[in-house]
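Reader: Hey, got a minute to walk me through this model? I'd like to go piece by piece.

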Amino acid sequence: MTTPLIETRALSRHFGGVQAVRNVDFTLAEGELRCLIGPNGAGKSTFFKLITGQVKPSSGTVKFRGIDITTLQAHQIARLGIGIKTQVPSVFDGLSVRDNLWIAAARHKKGKAIARAVEAQVERLLLGAFADSAVGQLAHGQRQWVELGLVLCGEPNLILLDEPAAGMTEEERERTAELIQDVNRDHPLIVVEHDMSFIRRIARRITVFDRGAILMEGDVEEVFGNQAVRDVYLGKQAAA
Amino acid sequence: MIRLVRSNVGIAAAGLLGLALLIGLPFALDTYSLLQATLYVVFSILALSLAFIWGYGGILCFGHSAFFGLGAYAYAVAVINIGESTLPVLIALTLPALLAAALGYFMFYARISDVYVGVITLTVTLILYNVVNSTAGPQYHIGEAMLGGFNGMPNVPSLNIPFEPDDTLDPEGMFVVCMAALLIVYLGLHAVLRTRFGRVLVAVRENEQRVEFLGYDARLHKLVAFSIGGALAGLAGCLFTAWGNFVSPTAFSVVQSAQIIIWLMVGGAGTLVGPVIGAIAISWLTVEIGTQQVVNANMVLGAVLLVFVLLVPKGVVPMATERLLPWLRSLRRPMQAIRAPQLGSETAPQVARGGKA
């Protein structure tokens, strides 16, 4: 059996009396595109924070390609090749798009190769028209793409996307979905998203979180057809 | 590309101007004015040391005079004991750098928030001030150097030609050394900011979390930057003592710390030229106000600070480059539209959103 890309064992984290994540056994294979869904407060974002080292687990382990990364610092985990796009775009607002990408590419490249990597992402993400503008001045959707560019410039082995299509126009969503599928050709991804039509577009396998634990895992039809999932999540959304 | 050439032109111009002043001022000014100018130059180095860590590193240091004072006292104590100034200068650079590194280790590796960095640095300055202030009396001495408490230490030897203790610098020589130091610090910091370390440091200021997500150790970058800032403040302190042949606990005072911050706010903390301009302008203003009795100097400085915080929050230099220049260009644009359609795009980013991205 091959070593999974990410493997968590009995991963738990509580904040005071609140169990944000409990006993999560999660496995992701190389090359996979996994979607995480679940109602607000289900623990999806905390789960991401546990994987990227922003939050340390109360108990349990995280392994990346068989290496225990549970106790590593955030930047050490990033160096192993785990890139994350956070829910609120985490970019360098005061710097230009090119300078943003430069910082990301310079981590593992030198000299001319940095500029080449930067231009490649500018082209891929269609950022050319405002490549020298400060990122803080861009629209929300564009900043999301800049952040995606930052992640891609790091040439990660695994990409975590927390609500990549939030706050985007219909057109932008369309393009983001295409982009995610394109990126998935080279990189495994885990995507958290609330927009069900977006999930339907990109998803193959879905993991459903509810109250900190995994409720179920399956392919698109299985999950959307499941009554328990409908009750905790889809039903709620329909009611709201 | 145009941007690269342009920013280099600015730095080269500043460097040449500095060089011209270095050679010209000793001939142009009388001794009193030259001494005054030397002090402004020393303060400029001090301003740059804070500009680097605050303006570029985003580390809000409210007690920068801790490093300035430590450099000042380290030089005084060392030069009195050694009787020659070469090694004392190095000590005056090293000790503040070590203090900064030690402080920085606990502050940055514990990931305390910016506000507490400000509080801790302020407290360290207050502690040092009170400690040095209470060393009056013959029992407080380091080797041959009497610390002198609130009276300070008089008769501190000037700088001398390296390893020639009898060959001390005259005011002209002292000016040239200080000006050269300022030029080296200015150009050196520009060079550092061009390296990956410098660029990542600016990124840390912008978003520490993202820097870590990209695989850089933000804590280490801040620690190194803080230590460099400490060393440069120590250099300024050392030159300050050598300039006046005197050091007193006021070097550690909160007023001294506040003054550096005012220089930066007036000149523009996010630049390197701005703090130098701010240091010189405010120091000059302080001296000028001191020559008359009508208004209190601190009141004027307070008013200046208020005006800047409210009206020019980014400081003079960013104001000039980001607002005034594009405005002047826009006046000329109709004529230049064909030749240089993109002029001004660097300082006032215009977001081109022509159609769908």
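Author: Sure, here is a tour of some strands, helices and contacts.

Author: First, this is a predicted model, where local features need pLDDT of at least 70 and side-chain atom pairs count only at pLDDT 80 or more, while totals for chains, interfaces and linings use all residues. Residues are numbered from 1 along each chain as its sequence is written, and chains are lettered from A and ligands numbered from 1 in the order in which they are written.

Reader: OK. Strand β7 of chain A, is that covered or not, and how many of its residues are buried?

Author: β7(A), residues 158-162, is mostly covered, with five of its five residues buried. Buried means 20 or more other C-beta atoms within 10 Å of the residue's own, exposed means 12 or fewer, and partly exposed is in between, with C-beta atoms placed from the backbone. Strands here are DSSP runs of E with at least two residues, helices are runs of H or I with at least four, and both are numbered from the N terminus.

Reader: Which way do the residues of β7(A) point?

Author: A:Leu158, A:Leu160 and A:Asp162 go one way, and A:Ile159 and A:Leu161 go the other. In a regular strand, side chains alternate between the two faces of the sheet.

Reader: And which strands is β7(A) joined to?

Author: β6(A), residues 82-85, runs parallel to β7(A) and is joined to it by four bridges; A:Gly83 stands opposite A:Ile159 there. Four bridges also join β7(A) to β8(A), residues 189-192, again parallel, and in that pair A:Asp162 faces A:Val192. Strands count as paired if DSSP finds at least two bridges between them.

Reader: What do β7(A), α6 and β8(A) make?

Author: With helix α6 (residues 170-183) of chain A, they make a right-handed β-α-β unit. Right-handed means that, with the strands pointing away from the viewer, the path from the first strand over the helix to the second runs clockwise.

Reader: Switching topic: what's the order of the open sheet in chain A?

Author: Its four strands go β2-β1-β4-β5, with antiparallel pairing. β2 (18-28) and β5 (67-68) are at the edges with a single partner strand each, so one side of each has no neighbour in the sheet. β1(A), residues 6-15, is joined to β2(A) by seven bridges, and A:Glu7 has A:Thr27 as its bridge partner.

Reader: Now chain B. How many of its residues are in contact with chain A?

Author: 21 residues of chain B are in contact with 29 of chain A, contact meaning C-beta atoms, placed from the backbone, within 7 Å. α7 (196-206) and α8 (208-213) of chain B each supply at least two residues of that side, and α7(B) gives the most, with five.

Reader: What about α10(B), how many of its residues are buried?

Author: Ten of its 14 are buried, so α10(B) is largely enclosed by the rest of the structure. Among them are B:Trp263, B:Leu264 and B:Met265. After α10(B) comes B:Gly268, with a positive phi near 115 degrees.

Reader: Last one: A:Ala228, buried or exposed?

Author: A:Ala228 is exposed, because 12 other C-beta atoms are within 10 Å. A:Ala228 is in helix α9 (residues 227-239) of chain A. Leaving aside neighbours within four places in sequence, A:Ala228 is in contact with A:Leu215 and A:Met216.

Notes. Two residues are in contact if their C-beta atoms, placed from the backbone, lie within 7 Å.
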